[in-house]
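I opened my notebook today to look at the empty space in one model and at what fills it. Here are my entries, in the order I made them.

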Amino acid sequence: MDRGYLIALEGVDGTGKSTQCGLLADYLESSGCPVVRLREPTTGVWGRKIRKILTEGRGGVTPEEELRYFINDRKEDVERNIAPALEQGKVVLIDRYYYSTAAYQGALGFDPDKIIRDNEAFAPRPDRVFIIQVSLDESFRRIEQSRDSVSAFEKREYLEKVRNIFDTFTGEHIRRIDSGPPVEEVQAVLRREVNALLGLKETS
Ligand code: TYD
């Protein structure tokens with residue numbers, strides 16, 4: 001039975017990950033690929049609880065509860081969206097997945113490797129994970145340029161820990177992409193990688 005492909009884009013805030021994800025989705029669609037574009041946190045019930053933390057701060061939400069919200073959100077996403085799309089042979093492009101949980105909630109003190117193991121017990125492993133990276137100074141410049149206010153998760157000291165954890169992830173399915181160059185150049189690198197993964201011919 002043909003399973004589709006699961007491709008995750010990961011990285012700290014302000015790397016341009018979401019822009020790249022959108023451009024990649026457009027490219028795959030125009031190449032005739034059946035693409036499903038997803039994003040975590042989702043807009044479901046758990047995702048809405050998470051967005052509240054992002055806009056209003058952590059308040060009384062404990063790290064354990066926060067971790068549980070992300071896991072529950074992902075379980076719902078796997079059941080409703082990810083697993084069905086993969087079964088239908090689609091290319092699932094996801095903006096953040098469990099490596100974000102390992103890095104962001106790992107930065108709160110949880111063991112990142114355990115978070116990955118716990119997630120892999122229910123969430124399909126991506127065929128490819130692109131960790132989009134840029135210097136923290138540049139990330140902050142981009143965050144400040146694009147938003148009126150920074151979220152509870154976008155404090156420098158915290159993001160430094162998050163970035164350090166992202167730096168520890170290894171595996172054959174993981175690629176690191178430098179997003180220092182202009183958007184189109186970064187996109188070209190991603191397209192080459194994805195073409196190779198999916199067996200698509202080079203177009204541009
Ligand atoms: P994101 O949607 O990338 O941010 P934005 O709303 O600015 O586009 O993600 C929201 C935040 O959630 C981001 O700071 C990272 C954080 N996050 C976690 O802490 N753990 C997770 O498991 C995920 C998926 C996201």
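**Cavity first**

I began with enclosed space and found that the structure holds one cavity of 30 Å³ or more. A reminder to myself: this is a predicted model.

I looked up the volume of the largest cavity next, and it comes to about 60 Å³. Its lining is made up of G11, V12, T15, I131, I132, Q133, V134, R163, F166 and D167. Two elements give two or more residues to this lining, namely β4 (128-133) and α7 (156-166). Of the elements, β4 gives the most, with three residues.

I then sorted the cavity lining by class: five residues are nonpolar, three are polar and two are charged.

**The pocket**

I turned to open space. How much space lies in the largest pocket? I read off about 720 Å³.

I noted 32 residues in the lining of this pocket, and D13, R39, R51, R96 and E154 lie nearest its centre. The elements that give two or more residues to that lining are α1 (17-30), α2 (45-56), α3 (63-87), α4 (98-105) and α6 (136-146).

By class, the pocket lining divides into nine nonpolar, twelve polar and eleven charged residues.

**The ligand**

Where does the ligand sit? I found it in the largest pocket.

I listed 16 residues around the ligand, of which D13, R96, T101, Y104 and Q105 come nearest. D13 and R96 were already in my notes, since both are among the residues nearest the pocket centre.

I checked which elements build the shell: α2, α3 and α4 each supply at least two of its residues. The largest share, four residues, comes from α4. In the shell I have five nonpolar, three polar and eight charged residues.

**Polar contacts to the ligand**

I went through the side chains one by one.

- D13 has a side-chain N or O atom 3.0 Å from an oxygen atom of the ligand.
- R51 places a polar side-chain atom 3.1 Å from an oxygen atom of the ligand.
- Q105 has a polar side-chain atom 2.8 Å from a nitrogen atom of the ligand.

I also looked up how well the ligand is covered: taken alone it exposes 560 Å², and the protein buries 90% of that.

**Backbone oddities**

My last stop was the backbone. As background, I keep in mind that most residues other than glycine have a negative phi, and that most peptide bonds are trans.

Which two residues does a cis peptide bond join? I found E40 and P41, with omega at about 0°. P41 lies in the loop between β2 (35-39) and α2.

I flagged R96 too, as its phi is positive, about 80°, although R96 is not a glycine. R96 lies in the loop between β3 (91-95) and α4. I enjoyed meeting R96 again here, as this residue is also listed among those that come nearest the ligand.

Definitions and conventions
Residues are numbered from 1 along each chain as its sequence is written. This is a predicted model: local features need pLDDT of at least 70, side-chain atom pairs count only at pLDDT 80 or more; totals for chains, interfaces and linings use all residues. Side-chain values use heavy atoms; hydrogens and water are left out. On a 1 Å grid over the protein atoms alone, a cavity is a set of points where a 1.4 Å probe fits but cannot get out, and a pocket is an open set with protein on both sides within 12 Å along at least five of seven lines; lining residues have an atom within 4 Å of a point. Grid points are joined across faces, edges and corners, and a volume is the space filled by probe spheres set on the points. Ala, Val, Leu, Ile, Met, Phe, Trp, Tyr, Cys and Pro count as nonpolar, Asp, Glu, Lys and Arg as charged, and the others, Gly among them, as polar. A residue is near a molecule or strand if one of its heavy atoms lies within 4 Å of it. A polar contact is a pair of N or O atoms within 3.5 Å; within protein, one must be able to donate a hydrogen and the other to accept it, and residues adjacent in sequence count only if both atoms are side-chain atoms. Accessible areas come from the Shrake-Rupley method with a 1.4 Å probe; for residues, only the protein chains shown count as cover. A molecule sits in a cavity or pocket if more than half of its atoms lie within 2 Å of its grid points.
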